[in-house]
Amino acid sequence: MKLIAVANYEEMSARAAEILLEQVCAKPDSVLGLATGSTPVGTYQNMVTAYERGEASFAQCRSVNLDEYVGLGSEDEASYHYFMWHNLFHHIDIRPENAYLPDGKNLDARDACTRYDQLVSDLGPIDLQVLGIGSNGHIAFNEPGDHFVADTHIVDLTDATIDDNQRFFQRREDVPTQAYTLGMRPILNARLALLLVTGAGKAEALHRSLTGPITSTVPASILQLHNNLIVIADEAALSKF
Ligand code: PGA
């Protein structure tokens with residue numbers, strides 16, 4: 001594991017974007033594993049700026065996102081489809097047909113998960129997987145539990161996650177209670193995993209993930225097994241070390 005300690009969110013975002021752009025320049029048809037949430041927004045802004053300056057093209061890239069709320073589609077502003085188009089895809093030259101997320105509108109969970117697993121496996125190993133971490137230690141929507149799950153699955157979101165994500169919705173009761181999420185297999189198989197962590201609210205989760213036992217009660221702790229992990233964390237996120 002390589003830990004890059006930075007001062008703040010802006011530096012984290014700049015470093016993360018540099019690594020993503022290096023990846024895309026070195027391998028234009030990269031498979032990018034992308035994440036949503038507040039953490040990667042600045043990274044995506046830097047990628048858009050690089051694209052606008054002509055420093056990178058995503059025309060041959062394929063992307064797979066980590067997760068989507070069950071019941072929400074691209075027309076819902078709180079969906080991760082909407083988030084990705086709004087924050088990144090509309091502003092770069094990735095082809096719409098090459099940008100994938102789980103189908104939140106498919107309420108047949110088995111079908112939705114099987115299709116997404118097939119898609120991810122057809123694309124081959126993810127070249128670079130961007131990850132955030134939940135304050136409860138989740139990665140993607142792999143919530144703390146009594147076992148790790150390898151494949152795409154439906155999850156009941158924990159109260160902590162619903163509380164954290166309430167800020168994207170008008171009312172707490174509007175937050176979906178379930179999501180489809182990639183499991184640990186494609187995350188661990190990614191050629192490079194890039195974990196971005198910012199703010200004091202993540203300090204405990206980051207510390208437990210990197211220094212504690214590998215346990216499904218702290219899902220991100222499984223990243224200790226990743227053989228090519230880069231963590232970019234700011235001072236506040238590193239305050240428990
Ligand atoms: P955040 O979410 O970036 O909005 O803090 C991260 C996560 O839950 O993985």
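**View 1. Leu-128 of strand β6 stands opposite Leu-192 in strand β9.** This is a predicted model, in which local features need pLDDT of at least 70, side-chain atom pairs count only at pLDDT 80 or more, and totals for chains, interfaces and linings use all residues. Residues are numbered from 1 along each chain as its sequence is written, and side-chain values use heavy atoms, with hydrogens and water left out. Strands are DSSP runs (E, at least two residues), numbered from the N terminus. β6 and β9 (residues 192–197) run parallel and are joined by four bridges; pairing requires at least two DSSP bridges between two strands.

**View 2. Strand β2 pairs with β6.** β2 (residues 31–34) runs parallel to β6, with two bridges between them. Gly-33 stands opposite Gln-129 in β6.

**View 3. Side chains of β6 (residues 128–131) point two ways.** Leu-128 and Val-130 point one way, Gln-129 and Leu-131 the other, and all are buried (under 20% relative accessible area, with exposed over 50% and partly exposed in between; 1.4 Å probe, protein chains only).

**View 4. Cys-61 and Cys-25 form no disulfide, because their sulfurs are 9.4 Å apart, too far for a bond.** Cys-25 holds the cysteine sulfur closest to that of Cys-61. A disulfide is a pair of cysteine sulfur atoms within 2.5 Å, and a search of the whole structure finds zero. Cys-61 counts as buried at 0% relative accessibility, and Cys-113 counts as buried at 7%.
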